[in-house]
Every structure is written in C-alpha cells, then in structure tokens.
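Q: Please take a close look at one helix and its surroundings. I am a first-year student, so short steps would help.

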Amino acid sequence: LKKKKKKKNLDQLKFNDPIIHIEHGIGRYQGLTKIETASIESEYLVILYAEQDKLYVPISHLHLISPYFGITEENTPLHKLGDNVWNKEKKKINKNLYDHAACLLDVYAKRSSQNGFSFQINEKKYQCFCKEFPFKTTLDQDEAIRCVLNDMKKSIPMDRLICGDVGFGKTEVAIRAAFISVLNYKQVIVLVPTTLLAQQHFNNFKKRFHNWSVKIDFLSRFRNAKEQENILKKIQNGDIKILIGTHKVLLKK
C-alpha cells in the first residue's frame, strides 16, 4: 500500500514540486528569485512549464497559486504556456461541477417535497435505555444523538451523515436511533460493508438490547441458504425488528 500523502501548503513546497496557477495550469515550482524593475527589487515565485518555459509570479499574486494534489506527482504532465488546453480543461471541469450541483439540487428538492415518518419518543423508555449504556457519552456523541433524534421527529426524510474515527461512539448513535424506530413499530436495517462488521454489530446490538424484547438478527454470506430463507420470512412477518447485514440485505426480496 502506498503511504497517503499529506496535503501541503505553499510554504511547504519543495523544489520541482508540481503546482497550479489558476490562469496557466500545472507547472513545477522552481523556488523564489528577486528581480529589479524600475530600480525596485521584488521577489517572484518561479514556475517551470512545458518546453522549459518559465513564469515569474509576483509574491503579491500568490493567491493565484495552489499546490497540486494528484496521485502521481513525479510524472505530472505540465501545461504549455500560451496554449488553450488549460482553459478547455477548466471549462470542462466547471461544466461537470455545475451539472453535479444541479443534480444535487434536484435530489434535495425532491427529498424536501416528500413526506417522511415523524417518530414519537417515549422519554421514559428512552431514558431507561440510555442509562443502560455502560459508558459516559462524549459531548460530540450527545450532539450527534440530539441532531439525529431531532431529524427523526420531523415529517421529512432524514439526510444526515455521522462522521467519526474508529472507537469514537458512532454505533451507539445508531443504536439509539434504532431503539426509537422500534418503539414506533418500525423495522430497522443496519447496512455494513463487511461480514466481520455484520457479526460485530450484531453482537453489540444484542448486548445493548438484552433487557428489551427486540428480535435482532444478521444476514451475511456466513448464513446458509436455509438460515437466510428463515430470516427473510421473519422479516416479512415482522418478527425481526432489527436486521444487520452486508449488501445481501439489499439483494434478497
């Protein structure tokens, strides 16, 4: 595996690093130099382009420069000063960004116009469930949980992403949302990327719900055909309230 490269600022540039000038495209950083014009000495950043052409950028124009973050910085192709390739590439990128933004706006407009389910929270049962959590929640967890529950109370579909590093408590946020869903007579699917996580989350959910009569199961390639068929029947008749699984939960009907 290649080591992930850290993003660098302009003050971290090394000689020959690829950089981008917003008007001229990709070149290579050649350091700083001083040039005297009209008896005034000024400092310039030097950029090397294709065919050994050089561009001298005044320090006052550094806002036009940004580091290049491509995958293969060593073999980055350089643009040629004076041609129209860079402008064509910028126009193409701008059009793609515009199309993508328009698509997102359309998606969000459709979501906003749809009716969702407004979940009701039984505070007594919810607080009882929360007290069973063996750890003290962090401030970030509390904020994430509050936001998720507020979204669930609304009558529009929730659209929220919870981000956090491994071990930062994302699962507990999902568990509490699942608890509220089950109290509102809804079934829950927890989609995970690997079979290992399916088993791990199944164990975590079972442990958290051990005082509550909530049927939880998981679906992955480790379940044989008969088990999968039985699980699907229990989902259809409502016996299973929370199903944890890989993409198999999307393929089965």
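The request below picks the helix, and the answer then moves outward from there.

Q: How many of the 14 residues of helix H4 are buried, and what covers them?

A: One note before we start: this is a predicted model.

Begin with the length of helix H4, residues 170–183. At 1.5 Å a residue, its 14 residues should span 20 Å. The end C-alpha atoms lie 21 Å apart, which agrees.

Now look at burial. Ten of the 14 residues of H4 are buried, so the helix is largely enclosed by the rest of the structure. Buried here means under 20% relative accessible area. The buried residues are Glu172, Val173, Ile175, Arg176, Ala177, Ala178, Phe179, Ile180, Ser181 and Val182. The cover over them includes helix H2 (123–131), H3, S6, H5 and S8.

Next, turn to the largest pocket. It holds about 1300 Å³ of space. It is lined by 48 residues, and the closest to its centre are Lys170, Thr171, Glu172, Ala174 and Ile175. H4 gives the largest share of this lining, nine residues. Helix H3 (139–153), strand S6 (188–191) and helix H5 (195–208) also supply at least two residues each.

One residue of H5 deserves a stop. Arginine 208 is found in that helix. Its relative accessibility is 8%, so arginine 208 counts as buried. Arginine 208 touches Glu172, Ile175 and Arg176, among others. Those three are on the list of buried residues of H4. Other contacts of arginine 208 include Phe129, Cys130, Glu132 and Phe133. With phenylalanine 129 there is a polar approach too: a polar atom of the arginine 208 side chain lies 3.3 Å from the backbone oxygen of phenylalanine 129.

Now follow the chain out of H4. Asparagine 184 sits in the loop between H4 and S6. At 11% relative accessibility, asparagine 184 is under the 20% cut-off, so it counts as buried. Its side chain reaches back to the helix: one of its polar atoms lies 2.8 Å from the backbone oxygen of isoleucine 180. Leaving aside neighbours within four places in sequence, asparagine 184 is in contact with Phe117, Phe119 and Gln120. Then comes tyrosine 185, just after H4, with a positive phi of about 60°.

For a second example, take helix H6, residues 225–236. This helix has twelve residues and reaches 17 Å from its first C-alpha to its last, close to the expected 16 Å. Its buried residues are Gln228, Ile231 and Leu232. Seen down the axis of H6, they fall within an arc of 100°, so they line one face of the helix. A general rule helps here: an α-helix has 3.6 residues a turn, so residues three or four places apart point the same way. The buried residues of H6 pack against strand S7 (216–219), strand S8 (242–245) and helix H7 (248–251). Strand S8 is also among the elements that cover H4.

Look closer at glutamine 228 in H6. Glutamine 228 is buried, with a relative accessible area of 8%. A polar atom of its side chain lies 2.7 Å from the backbone oxygen of arginine 223. At the start of H6, a side-chain oxygen of asparagine 224 comes to within 3.1 Å of the backbone nitrogen of lysine 226. Just after H6, glycine 238 takes a positive phi of about 85°.

Note on methods
Residues are numbered from 1 along each chain as its sequence is written. This is a predicted model: local features need pLDDT of at least 70, side-chain atom pairs count only at pLDDT 80 or more; totals for chains, interfaces and linings use all residues. Side-chain values use heavy atoms; hydrogens and water are left out. Helices (H or I, at least four residues) and strands (E, at least two) are DSSP runs, numbered from the N terminus. The expected span of a helix is 1.5 Å times one less than its number of residues. Buried means under 20% relative accessible area, exposed over 50%, partly exposed in between (1.4 Å probe, protein chains only). The arc is that of the directions from the helix axis to the C-beta atoms. Contact means heavy atoms within 4.5 Å. A polar contact is a pair of N or O atoms within 3.5 Å; within protein, one must be able to donate a hydrogen and the other to accept it, and residues adjacent in sequence count only if both atoms are side-chain atoms. On a 1 Å grid over the protein atoms alone, a cavity is a set of points where a 1.4 Å probe fits but cannot get out, and a pocket is an open set with protein on both sides within 12 Å along at least five of seven lines; lining residues have an atom within 4 Å of a point. Grid points are joined across faces, edges and corners, and a volume is the space filled by probe spheres set on the points.
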